[in-house]
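Hi everyone, thanks for making room for me today. I'd like to walk you through one structure, so please have a look at it on the screen before I start.

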Amino acid sequence: MDRVTGPFDGHFVASSASEIGGRYLGFAKVCCQRPRSFWLATLCEQPGCCAHLCGGGLFDTPEAALASAELMAQNHLRNRTVDVATAGDAAMALEPTPLAQRL
């Protein structure tokens with residue numbers, strides 16, 4: 001079972017559930033372009049853009065496994081956005097102050 005949802009913050013989430021011993025494990029791919037399916041989703045080469053994630057454990061139904069993987073993907077996107085903003089703030093703080101401003 002697989003599906004594509006989104007966009008979330010400009011990205012799409014392709015998710016799939018695989019049966020393992022009668023239970024289900026979800027997987028997700030965070031993509032910057034809408035894929036036709038989980039299996040056809042490709043991740044771009046840009047650092048920090050796309051990701052391949054595993055869901056949060058084994059579940060009794062494929063729907064629960066998909067929901068877990070999609071939640072992890074959405075959390076990844078939220079954290080990535082925060083990390084990018086924090087990195088920009090940190091870079092600004094590290095820029096040297098011109099000598100004229102220090103005196």
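Let me begin with a term: two strands count as paired here if DSSP finds at least two bridges between them. Please also keep in mind that this is a predicted model.

With that in hand, here is the sheet. Four strands form an open sheet in the order 1-2-3-4, and the pairing is antiparallel. Strand 1 and strand 4 sit at the edges, each pairing on one side only. From one strand to the next, the twist averages 20 degrees.

Now let's go along the pairs. Strand 1 and strand 2 run antiparallel and are joined by five bridges. One of the partnerships links F8 with H11 of strand 2. These two strands make a hairpin with two residues between them, and D9 there has a positive phi near 50 degrees.

Moving on, strand 2 and strand 3 are joined by nine bridges, again antiparallel. A17 has G26 of strand 3 as its bridge partner, and F12 is matched with C31 in strand 3. This is a hairpin too, with two residues between the strands, and G21 in the turn takes a positive phi of about 60 degrees. What about burial in strand 2? Seven of its 10 residues are buried, so strand 2 is largely enclosed by the rest of the structure.

Let me stay in strand 2 for a moment and pick out H11, which belongs to that strand. Is H11 buried or exposed? H11 is buried, at 8% relative accessibility. Its side chain reaches the backbone oxygen of D9 at 3.3 Å. Beyond its neighbours within four places in sequence, H11 is in contact with several residues, including G6, V30, C49, L77 and R80.

L77 takes us on to the nonpolar side of the story. Leaving aside neighbours within four places in sequence, L77 is in contact with F8, D9, H11 and V30. As a general point, nonpolar side chains in soluble globular proteins tend to be buried together. Here, the largest nonpolar core has seven residues: V13, A28, V30, A51, A69, A73 and L77. Strand 3 and helix 1 each supply at least two residues of this core, and the largest share, three residues, comes from helix 1. Apart from that core lies another one, of six residues, among them V4, F12, C31 and A41.

Finally, the charged pairs. How many salt bridges does the structure hold? It holds two. One is between the side chains of E70 and R3, at 2.7 Å from N to O. Since E70 lies in helix 1, residues 62–94, and R3 in strand 1, residues 2–8, this pair ties together parts that are 67 residues apart in sequence. E70 is buried, at 10% relative accessible area, while R3 is partly exposed at 32%.

The other salt bridge joins R23 and D60, with the closest N and O atoms 3.2 Å apart. R23 is in strand 3, residues 23–31, and D60 is in the loop between strand 4 and helix 1, so this pair ties together parts that are 37 residues apart in sequence. As for burial, R23 is partly exposed at 34%, and D60 is exposed at 59%.

That's my tour; I'm happy to take your questions.

Terms used. Residues numbered from 1 in each chain as written. Predicted model: local features only at pLDDT ≥ 70, side-chain atom pairs only at ≥ 80, totals over all residues. Heavy atoms only, no water. Salt bridge = Lys/Arg side-chain N within 4 Å of Asp/Glu carboxyl O. Buried < 20%, exposed > 50% of the residue type's maximum accessible area, 1.4 Å probe, protein only. Polar contact = N/O pair within 3.5 Å; in protein donor to acceptor, adjacent residues only side chain to side chain. Contact = heavy atoms within 4.5 Å. Core = buried A, V, L, I, M, F, W, Y, C linked by side-chain atoms within 4.5 Å. Axes fitted to C-alpha atoms, helices over the stretch in contact; angles between N-to-C directions.
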